[in-house]
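User: I have a model open and would like to check how its labels are earned. Could you take me through them, setting values against definitions?

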Amino acid sequence: MPRLPFPHANQALQIVRRRHTVRTGKVSIERVYAITSLTVHQASAADLAERLRGHWAIENREHHVRDVTFGEDASRVRAGSAPWAMASLRNLAIGALHLAGWNNIAEGLRHHGRDMTRPSAALGLT
């Protein structure tokens with residue numbers, strides 16, 4: 001079996017995604033490639049497909065929170081390190097709310113926004 005040019009790679013895979021745009025009727029095909037250190041005995045093709053779907057479920061859930069709750073895609077902050085700083089603040093808010101037991105980030109933001117002492121108390125600053 002030929003070795004891949006990555007020292008810990010055991011499998012390489014090609015993922016073919018077909019997208020159908022309902023409005024235009026256009027079908028597009030995208031090919032992406034991935035490598036993994038898992039052997040075929042540790043993860044079959046079906047196992048890898050399931051892991052990839054799980055990864056995208058998490059990505060989509062996080063993107064939804066960032067875009068819908070925080071309006072990240074509509075943000076006008078684009079200069080210098082400001083976008084990075086804003087993303088860090090959003091991460092802080094999401095992480096703090098998760099640690100405080102909030103599964104619904106929007107609900108947690110509303111709760112903490114109603115009383116200006118709640119955010120600092122939740123972070124242990126008071």
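User: What makes Glu-30 and Arg-17 a salt bridge?

Analyst: Happy to start there. A salt bridge is a side-chain nitrogen of Lys or Arg within 4 Å of a carboxyl oxygen of Asp or Glu. The side chains of Glu-30 and Arg-17 meet at 3.2 Å, N to O, so the pair satisfies that cut-off. Glu-30 is in strand β2 (residues 27-36) and Arg-17 in strand β1 (residues 11-20), so the contact ties together parts 13 residues apart in sequence. Strands here are DSSP runs of E with at least two residues, and helices are runs of H or I with at least four, numbered from the N terminus.

Please keep in mind that this is a predicted model, in which local features need pLDDT of at least 70 and side-chain atom pairs count only at pLDDT 80 or more, while totals for chains, interfaces and linings use all residues. Residues are numbered from 1 along each chain as its sequence is written, and side-chain values use heavy atoms, with hydrogens and water left out.

User: Why is Glu-30 called partly exposed?

Analyst: Buried means under 20% relative accessible area, exposed means over 50%, and partly exposed is in between (1.4 Å probe, protein chains only). Glu-30 has 29% relative accessibility, so it counts as partly exposed. Arg-17, at 28%, is therefore partly exposed too.

User: What does Arg-19 form with Glu-30?

Analyst: Arg-19 forms a salt bridge with Glu-30, with the closest N and O atoms 3.2 Å apart. This pair links strand β1, where Arg-19 lies, to strand β2, where Glu-30 lies, 11 residues apart. Arg-19 has a relative accessible area of 49%, so it is partly exposed.

User: Which other pair meets in a salt bridge, and how many does the structure hold?

Analyst: The structure holds five. One of them joins the side chains of Arg-90 and Glu-72, at 3.0 Å from N to O. Arg-90 lies in helix α2 and Glu-72 in the loop between α1 and α2, so this pair ties together parts 18 residues apart in sequence. Salt bridges that share partners also join Arg-17, Arg-19 and Glu-30 into one network.

User: Is Arg-90 buried or exposed?

Analyst: Arg-90 has 9% relative accessibility, so it counts as buried. Its partner Glu-72 has 23%, so Glu-72 is partly exposed.

User: How do you know that the buried residues of α2 line one face?

Analyst: The buried residues of α2 are Arg-90, Ile-94 and Leu-97. Seen down the axis of α2, they fall within an arc of 65°, so they line one face of the helix. That arc is taken from the directions from the helix axis to the C-beta atoms. In general, an α-helix has 3.6 residues a turn, so residues three or four places apart point the same way. Their cover includes α1 (45-69) and α3 (105-113), where contact means heavy atoms within 4.5 Å. On the other side of α2, Trp-84 and Leu-99 are exposed.

User: How do you know that the length of α2 agrees with what is expected?

Analyst: The expected span is 1.5 Å times one less than the number of residues. For the 18 residues of α2 this should be 26 Å, and the end C-alpha atoms are 25 Å apart, which agrees. Just after α2, Gly-101 takes a positive phi of about 95°.

User: Why does Met-86 count as partly exposed?

Analyst: Met-86, in helix α2 (residues 82-99), has 31% relative accessibility, so it counts as partly exposed.
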